[in-house]
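Reader: Before we discuss packing and backbone details, could you put the sequence and the model in front of us?

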Amino acid sequence: MSQPKKKNFKIEPFKHKVEMDPRYPERTWKILEDAIHQIYNHNASNLSFEELYRSAYNMVLHKYGDKLYYGLLNTMTQHLQEIGRLIEAAQGGLFLEEMNSKWMEHNKALQMIRDILMYMDRTYVANYNKTPVHELGLNLWRDNIVRSPKIRDRLLDTLLDLVHRERTGEVINRGLMRNITKMLMDLGSTVYQEELESRSSLKHSDCADYLKKAERRLNEEIERVSQYLDTKSESKITAVVEKEMKFNHMKLLASQQFEMFMFCTFTRTGKQLVTDPERQKDPVDFVQRLLFISLFVDDKLRKGLKGVSEEDAETVLDKVMMLFRYLQEKDVFEKYYKQHLAKRLLSGRTVSDDAERSLIVKLKTECGYQFTSKLEGMFTDMKTSRDTMLGFNCGGDSNEGPALTVQVLTTGSWPTQSGAKCNLPTEILSVCDKFKAYYLSTHTGRRLTWQTNMGTADLKATFGSGQKHELNVSTYQMCILMLFNQTDSLSYKDIEQATDIPSLDLKRNLQSLACVKGKNILRKEPMSKDISEEDVFTYNDKFSSKFYKVKISTVVAQKESEPEKVETRQKVEEDRKPQIEAAIVRILKARRVLDHNNIVSEVTKQLQARFLPNPAVIKKRLESLIEREFLERDKIDRKVYRYLA
């Protein structure tokens with residue numbers, strides 16, 4: 001009998017499909033959008049934050065995070081744009097009050113919205129690398145309010161005006177200022193800047209009054225930071241005020257003939273300007289301050305003393321010497337002073353030879369013959385050169401070709417540049433060779449090297465309209481321009497190869513000829529402020545000027561670059577080594593035996609008129625002299641040195 005066949009059971013999935021209401025995301029977002037409107041309209045007390053949180057939670061859970069996030073962004077943007085219009089409409093003193101009030105309200109609204117959307121912040125924002133709700137609200141406030149074209153400048157001007165009014169003695173609402181500046185700091189914005197002091201206080205002050213005002217202003221700024229600015233900005237504001245009140249006004253102080261030595265009574269900076277040993281740790285900063293004194297002298301001797309009586313000129317120079325006496329690094333000053341004096345003498349721009357020599361006499365009295373020997377040598381060279389040119393011009397050959405004036409400079413006395421070179425045009429080279437032959441025939445055992453980087457030339461040029469001009473240019477510029485006698489267009493590479501002018505000097509001179517408005521003897525393609533090696537230059541036949549004589553100044557850096565300042569300091573240190581060694585040898589030659597501390601003391605005493613030698617450097621020079629067998633250490637006491645005859 002056959003058994004009944006077993007039936008196989010099959011479990012199938014539930015076939016009824018649950019479908020979500022297609023209007024769910026729109027309806028849910030509408031609820032949340034209305035809630036955000038109510039929060040901004042101060043009706044949050046009627047809302048159920050638990051239900052709102054659940055609605056936002058479900059939207060994210062059902063993959064509608066995008067709709068929720070970008071809906072929030074658009075809604076908040078609309079509200080902030082409306083708030084921006086209300087702030088813009090606020091007049092006068094109500095402007096900051098309205099902004100502060102709306103900022104407080106926005107922060108409260110932002111906190112409530114963040115609580116409602118907390119789940120979105122934790123999941124959707126984190127997973128999709130979006131900006132969190134609170135940060136998003138701050139960014140929108142920054143972009144729609146603080147950086148609004150109609151608010152940004154007005155906000156900054158209002159803040160600075162309040163600071164200015166307080167500086168002039170008015171009472172301002174410091175609490176309001178504190179709230180606004182805190183808002184800017186919370187936004188991470190750089191809208192609030194360290195403001196600069198105006199120059200108005202200079203107009204009716206003498207130097208002593210100005211310095212007192214400057215110190216008082218600095219103390220006020222520090223107190224102002226503690227009251228309503230961010231404490232981290234104290235060091236920045238202090239640095240800005242010090243720079244503006246002192247160093248940025250130095251030239252103005254000088255031009256008004258203020259008593260420069262009064263800087264030494266300025267209690268905060270005072271003698272730090274010239275005597276603080278900490279300055280030596282930053283050679284760039286240190287050299288910049290010493291450079292100022294030479295710039296002041298240069299300004300006076302080029303134009304500042306023009307038309308001034310001899311007595312008044314002496315008074316100015318005496319005041320310069322008062323400040324000079326405070327300098328511990330007089331050799332650094334000498335290096336810059338020599339550079340400025342060389343430019344004045346070679347360009348013929350010194351206002352008075354008597355004033356120049358008077359200052360050198362004062363420096364000689366203060367520091368001795370060695371300090372001024374090279375400076376005096378520069379004047380001697382100028383006189384000798386005039387006599388030499390008189391003799392050269394008396395010869396028949398000198399009348400052929402371009403007129404030539406040569407200044408023969410003694411190596412070592414002048415700040416010459418050993419690497420300066422240039423291929424002179426044939427017309428110029430021939431007359432230079434004639435002078436060289438004449439000079440060497442009258443002076444035996446000498447060698448001439450042309451310093452083409454220091455010369456000038458006068459060129460007569462005719463332009464396309466037939467207009468004629470006399471161009472006063474540098475020697476480098478002359479070499480460049482004379483290339484265009486043979487062609488109308490040359491590339492940078494062509495000019496570089498033809499003239500052999502060093503790259504940096506070539507670019508500066510081309511920039512002067514092609515990029516300075518009203519002086520563009522050449523045209524450059526492509527046109528830009530900088531010179532590149534791909535540029536092409538053409539003769540500008542449309543050049544015109546209302547003056548017959550046109551001076552083309554060489555574009556130079558407004559001030560030394562930091563590497564140049566460091567290099568200057570290094571050169572000074574190198575120049576000091578033989579002076580320190582010479583002092584050591586003089587001392588030990590006289591004393592025969594001396595211990596280390598007394599040597600340091602004696603060397604410092606001998607050299608302090610020029611500079612204060614570093615004890616560590618003195619020790620190194622002692623070691624160098626021992627290696628070269630000028631000295632030896634005592635065999636018993638290693639701190640004692642003996643002079644070797």
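Reader: In which hand does helix 2 pass helix 5, and how are the two axes oriented?
Author: In this predicted model, helix 2 passes helix 5 in a right-handed crossing. The axes of helix 2 (residues 49-61) and helix 5 (residues 118-127) come within 8 Å and cross at roughly 15°. Because angles under 35 degrees count as roughly parallel, the orientation of helix 2 with respect to helix 5 is roughly parallel.

Reader: Which residues of helix 2 and helix 5 meet, and how do the residues of this contact divide by class?
Author: From helix 2 come Tyr 53, Tyr 57, Val 60 and Leu 61, and they meet Met 118, Tyr 119, Met 120, Arg 122, Thr 123 and Tyr 124 of helix 5. By class, the residues of this contact divide into 8 nonpolar, 1 polar and 1 charged.

Reader: Which residues of helix 5 are buried, and against which helices do they pack?
Author: Tyr 119, Met 120, Asp 121, Thr 123, Tyr 124 and Val 125 are the buried residues in helix 5. Just after this helix, Asn 129 takes a positive phi of about 55°. The helices against which the buried residues of helix 5 pack are helix 2, helix 3, helix 4 and helix 6.

Reader: Which helix gives the largest share of the largest nonpolar core?
Author: That core has 51 residues, and those with the most contacts inside it are Met 99, Met 120, Trp 141 and Leu 155. Among the elements that give two or more residues to it are helix 1 (24-40), helix 3 (65-89), helix 6 (133-146) and helix 7 (152-167). The largest share, 8 residues, comes from helix 4.

Reader: What does Leu 155 touch, not counting residues up to four places away in sequence?
Author: Leu 155 is one of the residues with the most contacts inside the largest nonpolar core. With residues up to four places away in sequence not counted, Leu 155 touches Phe 95, Leu 96, Met 99, Val 146, Ile 180 and Leu 184.

Reader: How are helix 13 and helix 15 oriented, and how many nonpolar, polar and charged residues does their contact have?
Author: The axes of helix 13 (residues 310-324) and helix 15 (residues 353-367) come within 11 Å and cross at roughly 30°, which makes the two helices roughly parallel. Their crossing is right-handed. Helix 13 contributes Glu 314, Leu 317, Asp 318, Met 321 and Phe 324 to the contact, while helix 15 contributes Ala 355, Ser 358, Leu 359, Lys 362, Leu 363, Glu 366 and Cys 367. By class, this contact has 7 nonpolar, 1 polar and 4 charged residues.

Reader: Is Asp 331 buried or exposed, and which residues does it touch beyond those up to four places away in sequence?
Author: Asp 331 is found in helix 14 (residues 330-347). Because its relative accessible area is 6%, Asp 331 is buried. Not counting residues up to four places away in sequence, Asp 331 touches Phe 371, Val 572, Arg 576, Arg 610 and Phe 611.

Reader: What separation do the C-alpha atoms of Phe 537 and Lys 524 have?
Author: Phe 537 is found in strand 5 (residues 536-539), and this residue is buried, with a relative accessible area of 0%. Leaving aside neighbours within four places in sequence, the residues in contact with Phe 537 include Phe 484, Leu 490, Tyr 492, Leu 522 and Lys 524. Phe 537 and Lys 524 are 13 residues apart along the chain, and their C-alpha atoms are separated by 4.7 Å.

Reader: Where does Pro 526 lie, and what is the omega of the peptide bond from Glu 525 to Pro 526?
Author: Pro 526 lies in the loop between strand 4 (522-525) and strand 5. The peptide bond from Glu 525 to Pro 526 is cis, with omega near -5°.

Reader: Is Lys 63 buried or exposed, and what is its phi?
Author: Lys 63 has its place in the loop between helix 2 and helix 3. With a relative accessible area of 74%, Lys 63 is exposed. Its phi, a positive value in a residue other than glycine, is near 70°.

Key:
Residues are numbered from 1 along each chain as its sequence is written. This is a predicted model: local features need pLDDT of at least 70, side-chain atom pairs count only at pLDDT 80 or more; totals for chains, interfaces and linings use all residues. Side-chain values use heavy atoms; hydrogens and water are left out. Axes are lines fitted to C-alpha atoms, for helices over the stretch in contact, and angles run from 0 to 180 degrees between N-to-C directions. Helices (H or I, at least four residues) and strands (E, at least two) are DSSP runs, numbered from the N terminus. Angles under 35 degrees count as roughly parallel, over 145 as roughly antiparallel, 65 to 115 as roughly perpendicular and the rest as oblique. A crossing is left-handed if the near helix is turned anticlockwise from the far one by less than a right angle, and right-handed if clockwise. Contact means heavy atoms within 4.5 Å. Ala, Val, Leu, Ile, Met, Phe, Trp, Tyr, Cys and Pro count as nonpolar, Asp, Glu, Lys and Arg as charged, and the others, Gly among them, as polar. A nonpolar core is a set of buried Ala, Val, Leu, Ile, Met, Phe, Trp, Tyr and Cys residues joined through side-chain atoms within 4.5 Å. Buried means under 20% relative accessible area, exposed over 50%, partly exposed in between (1.4 Å probe, protein chains only).
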